[in-house]
Amino acid sequence: MIKKLLLILFALATIPAAAKVNVSSLKVNHLSEPVGITGSPTFSWVGVSDRSDDGQSAYEIKVFDIDGRAVWSTGKVLSDNSIAVKYEGAALKPACKYSWQVRIWDAKGRASSWSGKQTFVTGLDSWTAKWIVPEMSESSPLLRGTFKVTKPVKSAVAYFTAHGVYEPFLNGVKIGESFMAPGYTSYNYHLMYQTYDITSLLRRGENVIGAELARGWYLSMMGWTDPSQYRSNFQQQEWALLAQIVITYKDGTREIIGTDGSWQTTTGGVLHSAIYDGETFDAVKAPEGWCTAAFDASAWKAVKTADYGFGNLVPQENEPVKIEQAVAAKELIITPKGELVIDFGQNLVGSEVISYAGKQGQKITISHAEVLDQDGNFYTTNLRSAKAQSCYICDGTPRDYTTRFTFYGFRYIKIEGIPQEEINLADFKAQVRFSDMEPTGRFVCSDPLVNQLQSNIQWGLRGNFVDVPTDCPQRDERLGWTGDAEIFARTATFNRGTYAFYSKWLKDVAFDKLPDGQVTDIVPMVHGLVGAGHVGWADAATIIPWTVYMAYGDPQVLETQYESMKRWVDFMAGAAGDSYLWNTGWHYGDWLAFDVDNDVAGRSSVTYVPVLQQCHFANSASIVAEAAKVLGKADDAARYADIAAKAREAFCKTYVTADGYLVSHTQTAYVVALVYDMVPEDMRPKLAAKLKERVESYGHITTGFLGTSHISNALTACGMDDVAYKLLLHKGYPGWLYPVTMGATTIWERWNSMMPDRTIPDNGMNSFNHYSYGAIGDWLYREAAGLKEAAPGFKKICVKPHPGGGFSYMKAEEITPYGKAVSYWKLDGNAFTLEVEIPFNTTAEIYVPTTDGYELHEVGSGKYYFSSEI
């Protein structure tokens, strides 16, 4: 017996006399009030209604110039679409601020009020500024130029980019809040410029514009074998700056100011800065007020100009790296070795901030570590060649010391140069810096260890989404490994708004691919460091675009990536030939799977690589077929569906016995065969039984990168929730909760990054902040809590919880492109309750657990309550 109750959305006392429809969460190109827009932007919004089972029947959009004149109006458009509606008016002018608003009509024809106006700023259509180059030295350069404003200003927009990283200044004030601009891309193809509204920073009379440069990704050594060989092979190997200001005056005239040969340069207080090694800052040598009109720059040198061209310049389309929060110091530790160590209580990514005066010339050295060793001493072996040190030379005046042009992965800092008696914990904090993506997902449950696991997943995302999806943030790597990104993508889309972040990075996936379609292991690629075309890693080219499309409902990501998606599948098909068996080449395989030393019993979980290749080949071909359907490419859809079918047929003939055994009898082999639909329906129970046997035989998970992200989903799909919960809740090694019981605050790279006795294997590759195994989050949100998309962008939602594991409640909330969706279940004995929230303009299939399975309820928007006995 199921009881269903439609919850009233507002208390009776607050319901207005007239029902209302509202509009909120306006976005342009999936961002809130973005800058640097070129081409035709897209508009998205969220509708809200005080009625259940309601949706949008029409919309009207208006776009205005800076003077409030309408430049485009759609009129009333009969459509339920509220995602990525494309601008179709006259070409937008460059370097201008625009605003827009929208109103909608609901299913009953009720009109909302017009939304508030939201702004966006357009990018440049041409550059008149010149690239300027300071002398190359170890110290970071300062650059400045001057200009005069003689009449009232209506608006002013500045555009900056650099070879290296930069911070821009105007009249002594830092412009914007971002760090590490212009970001990390495949620079030869794709160098971003940033757009800043500087209207409020201009003053009548003399103005000083400037920037400080540092090496950043562009000019740092990147790699771990012999870093001197592995600079990223960019065309220019010297600092350079490009900046252009467009001022619009109130009289309607415009003035353009740009970098040119009149600019001046000198060195500043940053004596050294590099991604891996850290940063040295000398406050004595930092010229105060260097970017103000009162400063005497007569001793500065003239810059050189260079003809680097503008062909690779594009506006920034993703979120900038910003400070998200500050974490207070928790404890001062004196280690057995006598080291002065501060614990922030959380493994994080960013930089320390020290409020301190010191004596003139006093040197402070700050080292960074993720963990302490088994004896409680500071541990940096896992950083390999990365020094990861901040050095501050004091000038005797109170100030905040922090790094600005690199980042560290750390929980602990070791302090040298400050006497113990002068260390005040209140003077130390850690700034958390990462790409400023909107938080969208929340998961909570009745098990504190699983809640900590979710916290670790989210902190792993924060730490490894610093402009690109990296493998780790601390050692001499910090690179955009495609395999790690592919594994974690679905989990990431729940926790953060990743559309713009992934769209930017995926363009480099396409740029960096080899001429034959092979996708590189690392993006942006560090040439000569690693290879391309490796199973699971290269499949990021197909899996991530499809994941992003399903999460956000905008097919533009498929349109943009379609050729690179095809090229990767074409490569595999070409290598497979007429047999449709892809089984050539070296591959990482099921990376970091369970491994036993001196394995005479054969318990190590090594999966036969051709099995993995064939499963990914078929899956990627199916994804391209589905993408072709979305894009209206019927011939391609048929072709790639046929390739996928023949790849699956070849798999069954070659790798599967009649009894359902695979030639590789591992958890991962059965998992990928099941989740990628490699066998006919009547064969699935046989493979499921073998998977269950493999799990029960070990009593724990044995999968590596390619199996871990799917094993729980495979078990649930095969009706084995109990087994999935046993794996989740296993507290020993290997398992997701083992690091939690060891005090981890982020996801580890290895199942055994630290042993139970707290010894740390010195194996040359050991990160304590590596999000890949955090892909279990996908199962927690979509299966255990039961909230997932049933159509692209959550236009249709599936709520199908899987209670079990001794949990008394689970709750998943996600801010979808249509608004908040919630699945919240409770279990008290056999009494089950389910609270569901479905956003406006969507529908849902709600599956309520019963003693006989599930009962389906098809509903529209609203809040619902169900109870049953299970």
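1. Start with the second largest pocket, where α3 (482-495) gives the largest share of the lining, 5 residues. This is a predicted model, so read everything here as computed. The pocket holds about 1,100 Å³ of space. Its lining runs to 31 residues, and R490, V675, H710, N713 and D778 are the ones nearest the centre.

2. Several other elements chip in on that pocket. Besides α3, at least two lining residues each come from α5, α7 (609-630), α9 (667-675), α12 (711-717), α15 (776-784) and β39 (787-789). By character, the lining splits into 11 nonpolar, 9 polar and 11 charged residues.

3. Helix α5 deserves a look of its own, since it is among the elements that line the pocket. It covers residues 540-552, 13 in number, and spans 17 Å from first C-alpha to last, close to the 18 Å expected at 1.5 Å a residue. Is α5 mostly covered, or mostly open? Mostly covered: 13 of its 13 residues are buried. Right after the helix sits G553, with a positive phi near 75°.

4. Now the enclosed spaces. The structure has 4 cavities of 30 Å³ or more, and the largest of them has a volume of about 80 Å³. Its lining is made of L453, N456, W736, P739, V740, A744, T746, I747, W748, R750, W751 and Y773. Two elements, α2 (448-464) and α14 (737-741), give two or more residues each to that lining. Sorted by type, the lining has 9 nonpolar residues, 2 polar and 1 charged.

5. On to the sheet. Six strands make an open, antiparallel sheet, in the order β15-β14-β17-β12-β20-β23. Why do β15 (173-174) and β23 (301-302) each have one side without a neighbour in the sheet? They stand at the edges and each has a single partner strand, so that side is left free of a sheet neighbour. At the β15 end, strand β14 (residues 165-170) runs antiparallel to β15 and is joined to it by 2 bridges. If you want a residue to click on there, F169 stands opposite K174 in β15.

6. Strand β12 (residues 141-149) sits between β17 and β20 in the sheet order. With β17 (residues 205-214) it runs antiparallel, joined by 8 bridges, and K148 faces E206 in that strand. With β20 (residues 264-267) the pairing is again antiparallel, over 4 bridges, and P141 has T267 as its bridge partner. β12 is also mostly covered, with 7 of its 9 residues buried.

7. Last, the cysteines. How many disulfides does the structure hold? The count is 0. Take C652: it is in no disulfide, and the nearest cysteine sulfur, in C615, is 9.4 Å away. C652 counts as partly exposed because its relative accessibility is 22%, and the cut-off for buried is under 20%. For C798, the closest cysteine sulfur is in C718, 17 Å off, which is too far for a bond. C798 itself is buried, at a relative accessible area of 9%.

Note on methods
Residues are numbered from 1 along each chain as its sequence is written. This is a predicted model: local features need pLDDT of at least 70, side-chain atom pairs count only at pLDDT 80 or more; totals for chains, interfaces and linings use all residues. Side-chain values use heavy atoms; hydrogens and water are left out. Buried means under 20% relative accessible area, exposed over 50%, partly exposed in between (1.4 Å probe, protein chains only). Two strands pair if DSSP finds at least two bridges between them. On a 1 Å grid over the protein atoms alone, a cavity is a set of points where a 1.4 Å probe fits but cannot get out, and a pocket is an open set with protein on both sides within 12 Å along at least five of seven lines; lining residues have an atom within 4 Å of a point. Grid points are joined across faces, edges and corners, and a volume is the space filled by probe spheres set on the points. Ala, Val, Leu, Ile, Met, Phe, Trp, Tyr, Cys and Pro count as nonpolar, Asp, Glu, Lys and Arg as charged, and the others, Gly among them, as polar. The expected span of a helix is 1.5 Å times one less than its number of residues. A disulfide is a pair of cysteine sulfur atoms within 2.5 Å.
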